[in-house]
Amino acid sequence: MESNTPQPESPFEEQFRRLREQMVLVQIEERGVRDKRVLQAMRKTPRHLFVPDEYKMLAYRDHPLAIGFEQTISQPYIVAYMTEQLQLAPGDKVLEIGTGSGYQAAVLAELVDQVYSIEIIEPLCRQAQDRLKRLHYDRVSVRCGDGYVGWPEAAPFDAIILTAAPASIPETLVAQLAVNGRMILPVGEERQELVLIEKSADGSLHHHTLLPVRFVPMTGGSHSLPEDGKK
Ligand code: SAH
């Protein structure tokens, strides 16, 4: 397979590549994800390099995995499904809230020019920054902080994805969505739904409820910070 991203050498790389092919076919394509570019991004992104070493062999299984600090890397299918719903084009600028391992950000970086990602847990944030740099994901910028304020200097975004669930839709983030943009997020507390929001050319919003999901809760909520997020 052609790759622009230099991958670390390991005797298991070929095995991981085959596990990845299987993952995409059985867990993702056969369940209805059709977007060729999304499937290719999932085939390319080395998920085993985004999980703790002891879970490397489990990286391509059909479930989320613990990444420390009570957080998880999402199930591969959910990553692919949410990414497909965003209908990304190569020139797009995307904001992710909840960097976690950096895996979703890496998948996004295969599809668009610029990815901005925010992580609230400092050690996870630093780890993701180092990892993405080491793996040469130069299109991803990671900021440590509270995603509720978004990334005002880089707004508006063609797409926004949340990988932690707020209790209700954060209006500050909706405001940072470009016209004709799409935002996908899990919403709710005990019961969560995946919601897709489309902002049309006239700025009006359309909500679609997609499926029941289970994400870690979004923490933070810096309601005291001014709208532009500067301190
Ligand atoms: N997208 C990640 C999955 C992350 S799990 C991946 O591919 O690995 C959700 C992440 O959201 C956690 O790391 C959690 O710390 C983070 N998070 C929760 N609330 C947040 C907030 N207010 N701002 C930024 N990140 C937040």
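**Exercise 1. Count the disulfides and describe the link.**

Step 1. Apply the rule: a disulfide is a pair of cysteine sulfur atoms within 2.5 Å. The count comes to 1 disulfide.

Step 2. Name the partners. They are C125 and C144, with sulfur atoms 2.1 Å apart.

Step 3. Read the twist. The angle about the S-S bond is -85°, and the link of C125 and C144 is left-handed.

Step 4. Place both ends. C125 belongs to helix α5 (residues 122-134) and C144 to strand β5 (residues 140-144), so the pair ties together parts 19 residues apart in sequence. Helices (H or I, at least four residues) and strands (E, at least two) are DSSP runs, numbered from the N terminus.

A note on the model: it is predicted, so local features need pLDDT of at least 70, side-chain atom pairs count only at pLDDT 80 or more, and totals for chains, interfaces and linings use all residues. Residues are numbered from 1 along each chain as its sequence is written, and side-chain values use heavy atoms, with hydrogens and water left out.

**Exercise 2. Find the polar contacts of the ligand's nitrogen atoms.**

Step 1. Set the cut-off: a polar contact is a pair of N or O atoms within 3.5 Å.

Step 2. Check the backbone. A polar backbone atom of G98 is 2.9 Å from a ligand nitrogen. For I120, a polar backbone atom is 3.3 Å from a ligand nitrogen.

Step 3. Check the side chains. An N or O atom in the side chain of D146 lies 2.9 Å from a nitrogen of the ligand.

Step 4. Assess the cover. On its own the ligand has 580 Å² of accessible area (Shrake-Rupley, 1.4 Å probe). The protein covers 99% of that area.

**Exercise 3. Describe the shell around the ligand.**

Step 1. List the nearest residues. Of the 27 around the ligand (a heavy atom within 4 Å), E96, S101, E119, G147 and T219 come nearest.

Step 2. Sort the shell by type. It holds 12 nonpolar, 12 polar and 3 charged residues. Here Gly counts as polar.

Step 3. Find the largest share. β2 gives 3 residues.

**Exercise 4. Locate two backbone features.**

Step 1. Find the cis peptide bond. It joins A155 and P156, with omega about 0°. P156 is in the loop between β5 and β6 (157-162).

Step 2. Find the positive phi. H136 has about 65°, although it is not a glycine. H136 is in the loop between α5 and β5.

Definitions and conventions:
Polar contact = N/O pair within 3.5 Å; in protein donor to acceptor, adjacent residues only side chain to side chain.
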